[in-house]
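This report introduces a structure to a reader who has not met it before. The sequence and the model are shown first, and a description follows.

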Amino acid sequence: MKPSTILPLALAAALAFALLPLVTSSNYIVGVGISALIFTVAAAALNLVYGFTGLLSFAQLGFWGIGGYVTALTVVTFGGSFWWGLLWAALLNAVVALVIGYPTLRTNRHAFVVVTLTFALLVTLIARDWVDLTRGPLGIPDLPKPSAFGHHFGSTSQYYWLAWAFSVAMLAFLYALCSSRIGRTLVAIKQNEPLVRAQGISPMPYKLAAFAIAAAVTGAAGGVYTFHLGIIDPLFLDFYYMQTFLIIVIIGGAGSFWGVVAAGLVLSALPEALRFSADFRMIIYGVILVAAMFVMPSGVAGWLRERRIARLREQLR
Amino acid sequence: MTIDAVYLLQLTLNGIALGLLYALVAAGLSLIFGVMEIINFAHGELLMLGAFAMTFALPVLGLLYWPALAASILAIMMVGFAIYELLLSRLKPDEFERSILITLGLSIIIIHVMQYLFTATPRMVDTQYGFEGIEIGNIRLTWTRIIGAGAAIVAFVGLYMVLRYTQFGRAMRAIAQNREAALMVGIRPRVVARNAVVLAAGLCGLAGAAIAPIQLVTPYMGQFLIFKAFALVIIGGLGNIPGAIVAAIGLGLIESWIGGFFEIVWQEAAVFVIMIVVLFVRPDGLFKRGGMRVG
């Protein structure tokens with residue numbers, strides 16, 4: 001679809017989502033809505049790295065966890081506010097991403113995948129074993145809900161609006177980035193890196209920037225999600241979250257901004273609606289992942305695009 | 001801090017045993033990468049299945065160690081064969097990201113099916129050797145540990161012989177070094193890739209079966225190990241089997257020493273710090289890479 005048709009559509013959808021707590025009084029459904037919004041932001045950040053730039057990064061899980069812990073620790077241990085916590089989470093993640101990204105992106109894409117994966121595990125281990133800082137497996141319970149300008153986001157539906165505002169702002173930022181010249185350069189790097197070099201563009205700063213921005217956004221999303229849960233412990237770094245983000249990106253269509261956003265909203269609500277047990281849900285996720293890789297490796301958006309191109313070819317023949 | 005010589009020796013022996021175990025997993029990963037240029041995310045789950053196979057085989061075979069070990073290895077090789085034929089054989093060359101996502105999905109399925117069937121409760125298994133062992137001075141080593149380490153060393157020598165001197169192994173090296181040239185002299189990549197996956201699965205099965213009497217067996221045991229094995233493969237140089245083995249034994253020793261003197265955080269963080277440093281200094285891994293090397 002053209003941007004002129006999709007932008008009003010997206011705006012309408014965003015406003016419709018803002019009304020959710022007015023439509024239902026069930027805290028459970030509003031809670032699912034919060035998860036859906038935040039998972040969509042995290043998946044859109046992964047899409048920036050994997051879908052647009054072509055770097056399969058498992059480090060998003062680590063950034064998500066660091067974001068959660070930094071925000072929680074800023075409030076509980078260091079006595080700062082929730083908003084400062086989010087800012088620190090984003091900044092720290094961007095710095096960590098630069099430190100890891102620089103040596104790793106110099107090597108090949110194989111090494112990049114493995115290093116980001118090991119990084120995610122390292123963060124889990126630190127969360128579990130550095131008891132003095134993170135309080136280990138017990139975690140930090142009873143995180144206070146934030147407030148701003150004298151308004152307290154105490155109830156689930158009030159927190160929903162906070163999450164909504166955060167998600168809309170982040171998605172708008174990512175959309176602006178992805179549809180800008182920078183976004184097009186990232187796609188070019190994914191499709192043909194030697195050609196990009198030949199055009200006089202150095203890919204490294206672009207890759208690093210995409211990785212760092214995605215890390216910062218994921219970290220802030222992790223912070224918002226932690227305060228929705230009200231507790232953080234090493235389970236916040238469960239591989240389940242990474243799998244969810246990945247499946248959203250793959251089903252939605254890596255490299256398609258709106259495809260991933262739509263898939264994020266649908267797929268995070270679906271398992272809740274079907275009420276599978278945790279084990280069973282993971283088995284289904286695994287089967288979906290394997291099946292999607294064989295049946296439609298470029299996701300729903302990619303599949304639609306291929307059909308449109310096929311139809312164009314028919315007409316031109 | 002005074003360093004007790006006996007304590008240090010004990011740590012060193014533990015480190016070597018741990019390193020050999022890492023090496024079995026890392027060598028298999030490296031072998032698969034060398035031949036197919038893919039990374040098998042479900043490799044740790046093969047190890048876990050090997051350990052489970054051992055816990056089922058031992059009681060059936062009257063706690064006899066060797067037949068149970070053989071049965072477990074054989075079972076995991078069959079699993080490897082099935083994984084190749086059902087999933088990996090459909091991958092085209094240069095579909096690295098896709099291979100990771102497919103094997104990741106497989107790993108999720110295996111872990112959660114095992115947990116669904118057998119619960120997450122850790123299992124222990126007894127062998128004919130029980131907790132008997134030998135004592136050298138103040139150091140005690142159980143037979144299960146000694147045999148595990150011995151079997152790993154035998155497996156490496158065997159792997160070296162196979163890759164170096166048999167047609168079967170030469171074909172694998174040929175594919176790894178130059179795919180087109182190997183095709184031209186009549187080597188079938190599909191068969192070679194299948195052999196490599198089955199061989200790597202066998203190594204993993206051996207590691208899992210050897211570890212079962214030493215550690216608790218849970219559906220998650222493979223996950224933590226596999227991350228380290230990935231890092232080792234990077235440190236040693238992707239596709240470099242001796243590099244991975246040397247890096248693995250080195251890491252086992254380092255982790256064991258650190259664990260003996262410092263807090264556990266540092267033990268777990270060691271592998272990551274080493275990997276980042278190696279990537280800074282030598283982006284292609286510690287040991288030079290150039291096709292799949294065996295010696």
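## Report on the predicted model

Helix 6 of chain A, residues 109-129, contains 21 residues and spans 30 Å from its first C-alpha to its last, close to the 30 Å expected at 1.5 Å a residue. The model in which this helix appears is a predicted one. Of the 21 residues of helix 6 of chain A, 18 are buried, so the helix is largely enclosed by the rest of the structure.

Contacts of another helix of chain A lead back to this region. A:Gly62 belongs to helix 4 of chain A, which covers residues 59-76. A:Gly62 is buried, because 31 other C-beta atoms lie within 10 Å, and 20 or more are required for that class. When neighbours within four places in sequence are left aside, A:Gly62 is in contact with A:Phe119, A:Ala120 and A:Val123. The C-alpha atom of A:Gly62 is separated by 9.3 Å from that of A:Thr218, although the two residues are 156 residues apart along the chain.

The confidence of the prediction may be stated next. The model as a whole scores ipTM 0.78 and pTM 0.82. In chain A the mean pLDDT is 84, and 96% of the residues reach 70 or more. Chain B also has an average pLDDT of 84, with 95% of its residues scoring at least 70. Among the elements of chain A, the lowest mean pLDDT, 70, belongs to strand 1 (residues 147-148), and the highest, 91, to helix 11 (residues 203-229). Among the elements of chain B, strand 1 (residues 133-136) has the lowest mean, 73, whereas helix 3 (residues 65-86) has the highest, 91.

The two chains meet at an interface. There, 32 residues of chain B are in contact with 33 residues of chain A. On the side of chain B that touches chain A, helix 4 (96-118), helix 9 (221-236) and helix 11 (264-281) of chain B each supply at least two residues. Helix 4 of chain B provides the largest share of that side, with 15 residues. By class, the residues on this side of chain B comprise 25 nonpolar, 3 polar and 4 charged.

Within chain B, two helices are packed against each other. Helix 3 of chain B and helix 8 of chain B (residues 189-211) pack at an angle of about 145 degrees, and their axes are 7 Å apart. The crossing of helix 3 of chain B with helix 8 of chain B is right-handed. Residues that make the contact include B:Leu69, B:Ile73 and B:Ile76 of helix 3 of chain B, and B:Val197, B:Ala201 and B:Gly205 of helix 8 of chain B. The contact between these two helices of chain B has 17 nonpolar, 5 polar and 1 charged residues.

Helix 8 of chain B also holds B:Ala196. Outside the four nearest places in sequence, B:Ala196 touches B:Leu31, B:Ile32, B:Val35, B:Met36 and B:Met172. Helix 9 of chain B contains B:Lys228. Apart from residues up to four places away in sequence, B:Lys228 touches B:Tyr22 and B:Val271.

Two further residues of chain B lie outside these helices. B:Phe287 is placed in the segment after helix 11 of chain B. Leaving aside neighbours within four places in sequence, B:Phe287 is in contact with B:Gly236, B:Gly237, B:Asn240 and B:Gly243. The C-alpha atoms of B:Phe287 and B:Ala149, 138 residues apart along the chain, are separated by 24 Å. B:Glu37 is located in the loop between helix 1 (5-36) and helix 2 (43-60) of chain B. Most residues other than glycine have a negative phi. In B:Glu37, however, phi is near 55 degrees, a positive value in a residue other than glycine.

The surroundings of four residues of chain B are listed below.

| Residue | Other C-beta atoms within 10 Å | Class |
|---|---|---|
| B:Ala196 | 27 atoms | buried |
| B:Lys228 | 25 atoms | buried |
| B:Glu37 | 18 atoms | partly exposed |
| B:Phe287 | 16 atoms | partly exposed |

Separations between C-alpha atoms complete the picture for the two buried residues in the table. B:Lys228 and B:Val271 are 43 residues apart along the chain, and their C-alpha atoms are separated by 6.9 Å. B:Ala196 and B:Gly169 are 27 residues apart in sequence and 8.8 Å apart in space, C-alpha to C-alpha.

Technical notes
Residues numbered from 1 in each chain as written. Chains lettered and ligands numbered in written order. Predicted model: local features only at pLDDT ≥ 70, side-chain atom pairs only at ≥ 80, totals over all residues. Contact = placed C-beta atoms within 7 Å. Helix = DSSP H or I, 4+ residues; strand = E, 2+ residues; numbered from the N terminus. Nonpolar A, V, L, I, M, F, W, Y, C, P; charged D, E, K, R; others polar. pLDDT = per-residue confidence, 0-100. Expected span 1.5 Å × (residues − 1). Buried ≥ 20, exposed ≤ 12 C-beta atoms within 10 Å, placed from the backbone. Axes fitted to C-alpha atoms, helices over the stretch in contact; angles between N-to-C directions. Left-handed = near helix turned anticlockwise from the far one by under 90°.
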